[in-house]
Amino acid sequence: MARPMKKTPEQWKDEIMRTAQELFLSKGYEKTSVADIMDAVGGAKGMFYHCFQSKEEVMQAIGDRMFFENNPFDAIRKRTDLNGLQKIKELLLLNQQDATRNHLNIEAIPILKDPYILMNAIASNRRILTPLWYELLEEGRRDGSIQTEYTKEIAELLPLVNFWLMPSIYPADADEIRHKYCFVMEALSKMGLPLMEETSLIDQFLSNIPPETLEHP
């Protein structure tokens with residue numbers, strides 16, 4: 001009888017991530033332990049720590065993989081029927097409509113209280129998202145749909161907005177978050193990126209936030 005083939009480290013890593021994602025979405029991040037993940041995978045906890053340093057690292061890796069597998073910037077980049085500003089508006093809608101990614105982002109809220117993890121998340125967004133936002137903003141500037149001299153600054157600011165709106169990082173109730181959102185939209189409009197009419201996005205954002213993380217007046 002042939003011996004079963006051993007999994008490579010990359011196969012273990014992929015299986016751990018896939019299983020962890022299923023458990024995070026079904027049980028919740030906080031209620032899923034490393035032991036739960038490895039029981040479902042069928043491996044020892046030692047293999048988990050051979051592939052990842054922590055459960056938090058798995059969550060970050062899953063988020064990165066989901067982004068690159070279904071990168072909304074790639075879909076928008078191909079649209080020849082939209083100008084730069086319209087592409088940005090469409091991108092914001094696509095982000096809100098990705099239910100699986102939004103669910104996982106909500107499950108990740110508690111771990112962002114850790115300063116080290118928050119720092120890594122911000123660095124990752126700066127490395128990945130800022131150049132993509134800059135590309136769209138420059139396209140809008142060139143075609144005249146965006147009138148601004150601050151494409152670089154706005155590209156650096158946009159990935160930070162979600163962190164500022166998260167009540168787990170900056171405690172706030174729903175009304176305060178809505179007010180902060182209106183402030184961001186008005187500030188962006190003043191800088192030449194008019195998105196004021198996209199008010200429905202804040203309703204979707206608030207609906208995804210667990211009520212227990214909101215401050216109550």
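This report walks through the cores, helix packing, salt bridges and one loop glycine of a predicted model.

## The two nonpolar cores

Let's start with the inside. The largest nonpolar core is built from 33 residues. If you want to find its busiest spots, look at F73, I88, W133, I177, L188, L193 and L195, which have the most contacts inside this core. Several helices feed into it: α5, α6, α8 (115–143), α9 (151–165), α10 (174–190) and α11 (200–207) each bring at least two residues. Helix α8 gives the largest share, with six residues.

L195 is a handy one to click on. Setting aside neighbours within four places in sequence, L195 touches L85, I88, K89, L92, M185 and L188. There is also a second core, separate from the one above, with 29 residues. Among its members are M17, V41, I62 and L104. As background, nonpolar side chains tend to be buried together in soluble globular proteins.

## Helix α7 and what covers it

Helix α7 spans residues 99–107, and its buried residues are R101, N102, L104, I106 and E107. So that list isn't purely greasy: R101, N102 and E107 are buried here because each has under 20% relative accessible area. L104 turns up again in the second core.

What sits over these buried residues? The cover includes α1 (9–26), α4 (55–69), α5 (72–77) and α6 (84–97).

## How α4 packs against α1 and α8

Two packed helices are described by the angle between their axes and the distance between the axes. Helix α4 shows up in two such pairs here. With α1, the axes come within 10 Å and cross at roughly 95°, which means α1 is roughly perpendicular to α4. On the α1 side, the contact uses D14, M17, R18, A20, Q21 and F24. Facing them from α4 are K55, V58, M59, A61, I62, R65 and M66. Sorted by class, this contact has eight nonpolar, one polar and four charged residues. Two of the names should look familiar, as M17 and I62 both belong to the second core.

With α8, the picture changes. The axes of α4 and α8 are 11 Å apart and the angle is about 10°, so α4 is roughly parallel to α8. From α4, the residues involved are E56, Q60, D64, F67 and F68. They meet I117, N120, A121, S124, I128, L129 and L132 of α8. By class, this contact comes to seven nonpolar, three polar and two charged residues.

## Salt bridges

How many salt bridges are there? The count comes to eleven. One of them pairs K27 with D36, with the closest N and O atoms 3.0 Å apart. Both partners count as partly exposed: K27 has a relative accessibility of 38%, and D36 has 25%.

Two others each sit within a single helix. In α5, R77 pairs with D74, and the closest N and O atoms are 2.6 Å apart. The two residues are three apart in the helix, about one turn. R77 is partly exposed at 37% relative accessibility, and D74 is partly exposed too at 34%.

In α8, R141 and E138 form a salt bridge at 2.8 Å, N to O. Here again the residues are three apart, about one turn of the helix. The partners fall into separate exposure classes, though: R141 is partly exposed at 38%, whereas E138 is buried at 13%. Elsewhere, D14, R65 and E69 are joined into one network by salt bridges that share partners. D14 and R65 also appear in the contact of α1 with α4.

## A glycine in a loop

Last stop: G192, in the loop between α10 and α11. Is this glycine buried or exposed? G192 is buried, with a relative accessible area of 12%.

Leaving out neighbours within four places in sequence, G192 is in contact with I146, Q147 and T148. For another way to place this glycine, check T151: the two residues are 41 apart along the chain, and their C-alpha atoms are separated by 9.1 Å.

Key. Residues are numbered from 1 along each chain as its sequence is written. This is a predicted model: local features need pLDDT of at least 70, side-chain atom pairs count only at pLDDT 80 or more; totals for chains, interfaces and linings use all residues. Side-chain values use heavy atoms; hydrogens and water are left out. Buried means under 20% relative accessible area, exposed over 50%, partly exposed in between (1.4 Å probe, protein chains only). Helices (H or I, at least four residues) and strands (E, at least two) are DSSP runs, numbered from the N terminus. Contact means heavy atoms within 4.5 Å. A nonpolar core is a set of buried Ala, Val, Leu, Ile, Met, Phe, Trp, Tyr and Cys residues joined through side-chain atoms within 4.5 Å. A salt bridge is a side-chain nitrogen of Lys or Arg within 4 Å of a carboxyl oxygen of Asp or Glu. Axes are lines fitted to C-alpha atoms, for helices over the stretch in contact, and angles run from 0 to 180 degrees between N-to-C directions. Angles under 35 degrees count as roughly parallel, over 145 as roughly antiparallel, 65 to 115 as roughly perpendicular and the rest as oblique. Ala, Val, Leu, Ile, Met, Phe, Trp, Tyr, Cys and Pro count as nonpolar, Asp, Glu, Lys and Arg as charged, and the others, Gly among them, as polar.
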